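Me: I have not looked at this one before. Could you walk me through it?

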Amino acid sequence: MNPVWITGLGAISPLGADRHASFAAALAADSAIRPASKHASAGLPGMLQAPAADPRLLLDSAYAGVDRATQFALVAAQEAMTDAASGGSELPQGERCGCYVGIGFGGATTLDAMYARYFALLAGAEDNRRRAAVVHPLSVPRMMSNAAGALAAARYGLRGACNTWSVACASSAIAAGEALRAIRHGYLDAALVIGAEAMLTPGSMVAWNALRVMARMDDAEPAASCRPFDRRRCGFVLGEGAAAVFLESAEHARARGAQAHAELAGYGASSDAGHLTIPAQAGQVAAMRAALAEAGLEPAQVQYLNAHGTATEVGDVVESQAIAEVFGPAAGALAISSTKSVHGHLIGAAGALELVLATMVLESGSIPPTAHLREVDPRCTLDYVPLHARHGCSIAAVMSNSFAFGGSNACLVARRVGH
Amino acid sequence: MLADLIKHYLVANAHVDPLRLEQPDVKVSELGLDSLGLIEMLFEVEDRYGFQVDEPMRFQTMRFDEMVAAIEAEVRAHHGGELPEPAATETAATSG
């Protein structure tokens, strides 16, 4: 089995327009959560969001018309590809290099705008009504979920498999895990993995609001509205953005003289096979145990876990119980944080962003806190690194959890590379 | 007017050499547009005049001036024989 290295990292998140800015803000607990724009609020009071920078400012004008999620994907990809290229010789291309993407609701911005225009024209002045049905000819290829992968593969000449996973909140963790397997089992030498999401649109906000999982605004401090594991938690805030990792076999990376950020050592995937939205401890335990087993690690050998931690009433308790079951006596020494408290929930991009942050924890020895966690829920009994970052930690392995609506669970484990 | 609208689009968005469009007998097939590019070009007209141009692939075998004349005939057919001022495009607002 080929070890798989992470040789490139990139992110554009609500916390910053690259991975370093994002990680620095996570460490500082500098929340990007704020009241939603009037447009995105769609007339609903107290809506929150965590917007990222306009990705068009960081891209060639040729990408001006593609969906916002695709633009985020391309920005994160270009940072990861530049990073992967910086250490070694030329980047791999061709049939041995794939492009694996995770996205929850691809093309949401394009779709929402298309319907908004369509119905506005139909309801408007009679002279304009016939224009309603005349929509942009690229509407379909812009909104399709695999648009980001297609454009990224074309941009970098990646002619191996270009696949997109849409598994709600676990999408890009699964894309990374499946890429790990493809390289480990010899189907590919390398893969660009991207998670992307952009749905801070009126249509999507009203739908999420109806599900009653969105955080209520803290009027005194809107940026502190999302409080994972806190007694007063009340749900999550939608974010947007993308993150990317470049994976390659250790053999391939060594041959071109590339430096590794980490080894992506384990992946576990499972299904609750139960409720559409309520998580189950057994499914989460299965995913974490599978990831540890593939990595060949005992629980005590993992020092940091980036939790799914969405700050929902049920989710945080179930995840805490699942972690306690998997880690047993080692759970007390494990540092756990939910960075969703500051960057919001990036849905399809969450797994990739949190993998990037966890990898940076591994490299730096600095652990971002769970922001705004002042009063831990007594049913959540672990160390959630409340409020303040920890520095100078000795970290040999990290874990990242992503648990999706629909009951799909994914867990990734990364560890230091002994060159 | 219609010719200028299309020429401007082709130069600004489809990277067509403006000198090539100055040639009186230039053919549509010489502009380097693939089938999707041709449809995107037509949308520039469709978006402003509120209808979908018929059978776009017929333009591939025409000269540029023949294509413009054919499109103008369609615009007039949809507007009672007139060639109205083009409406402001909404593309920018809808492409997010």
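What follows is a short chat about the two chains and a few of their residues.

Me: Before anything else, what kind of model is this?

Reply: This is a predicted model, and the values below are computed from it.

Me: OK, start with chain A. How many helices and strands does it have?

Reply: Chain A holds 14 helices and twelve strands. Taken along the principal axes, its C-alpha atoms fill a box of roughly 70 × 50 × 40 Å.

Me: And what is its radius of gyration, set against a compact globule?

Reply: The radius of gyration of chain A is 20 Å, which agrees with the value near 22 Å that a compact globule of 419 residues would have.

Me: How much of chain A is buried, and what about its contacts?

Reply: Of its 419 residues, 61% count as buried. If you take the contacts in chain A with a separation of 6 or more, residues 24 or more positions apart account for 79% of them.

Me: What does the outside of chain A look like in numbers?

Reply: Chain A exposes about 15,000 Å², and carbon and sulfur atoms supply 54% of that area. As for charge, chain A has 30 positive and 35 negative side chains, with the centres of the two sets lying 4 Å apart.

Me: Now chain B. What pattern does it follow along the sequence?

Reply: Reading along the sequence, you meet the pattern α-α-α-α-α, as chain B has five helices and zero strands. Its radius of gyration is 13 Å, close to the 12 Å that the globule rule gives for 96 residues, so chain B is as compact as a globular protein of that length. The C-alpha trace of chain B spans about 35 × 30 × 20 Å along its principal axes.

Me: What share of chain B is buried, and how do its contacts run?

Reply: Buried residues make up 39% of the 96 residues in chain B. Among its contacts between residues at least 6 apart in sequence, 59% join residues at least 24 apart.

Me: And the surface and charges of chain B?

Reply: About 5,200 Å² of chain B is exposed, with carbon and sulfur atoms supplying 50% of it. Chain B carries 7 positive and 19 negative charges, and the mean positions of these two groups are 6 Å apart.

Me: Let me pick a residue. Where is B:His79?

Reply: B:His79 sits in the loop of chain B between helix 4, residues 64–78, and helix 5, residues 91–94.

Me: Which residues does B:His79 touch, leaving aside its neighbours within four places in sequence?

Reply: With those neighbours left aside, B:His79 is in contact with B:Tyr49 and B:Pro84 in chain B, and with A:Arg130 in chain A. For a sense of distance, B:His79 and B:Ile39 are 40 residues apart in sequence, and their C-alpha atoms are 21 Å apart in space.

Me: Changing topic: how many disulfides are there?

Reply: A search of the whole structure finds zero disulfides over all chains. For A:Cys99, the closest cysteine sulfur is that of A:Cys162 at 4.5 Å, which is too far for a bond, since a disulfide needs the two sulfur atoms within 2.5 Å. A:Cys411 is in no disulfide either, and the nearest cysteine sulfur, in A:Cys169, is 15 Å away.

Me: Are those two cysteines, A:Cys99 and A:Cys411, buried or exposed?

Reply: A:Cys99 counts as buried, at 0% relative accessibility, and A:Cys411 counts as buried at 0% as well.

Me: Which residues have an unusual backbone angle?

Reply: Most residues other than glycine have a negative phi. A:His372 has a positive phi, near 65°, and A:Val385 has a positive phi too, near 45°.

Me: Where are A:His372 and A:Val385 found?

Reply: A:His372 is found in the loop between helix 14 (350–364) and strand 11 (397–403) of chain A, and A:Val385 is in the loop between helix 14 and strand 11 as well. A:His372 is buried, with a relative accessible area of 7%, while A:Val385 counts as buried at 0% relative accessibility.

Me: Last one: is A:Gly274 buried or exposed?

Reply: A:Gly274 is exposed, with a relative accessible area of 61%, and it lies in the loop between strand 8 (262–271) and helix 11 (281–295) of chain A. A:Gly274 and A:Gly407 are 133 residues apart in sequence, yet 6.8 Å apart in space from C-alpha to C-alpha.

Methods: Residues are numbered from 1 along each chain as its sequence is written. Chains are lettered from A and ligands numbered from 1 in the order in which they are written. This is a predicted model: local features need pLDDT of at least 70, side-chain atom pairs count only at pLDDT 80 or more; totals for chains, interfaces and linings use all residues. Side-chain values use heavy atoms; hydrogens and water are left out. Helices (H or I, at least four residues) and strands (E, at least two) are DSSP runs, numbered from the N terminus. The radius of gyration is taken over C-alpha atoms; the globule rule is 2.2 Å times the number of residues to the power 0.38. Buried means under 20% relative accessible area, exposed over 50%, partly exposed in between (1.4 Å probe, protein chains only). Contact means heavy atoms within 4.5 Å. Accessible areas come from the Shrake-Rupley method with a 1.4 Å probe; for residues, only the protein chains shown count as cover. Lys and Arg count as positive and Asp and Glu as negative; His and the chain ends are not counted. The place of a charge is taken as NZ of Lys, CZ of Arg, CG of Asp or CD of Glu.
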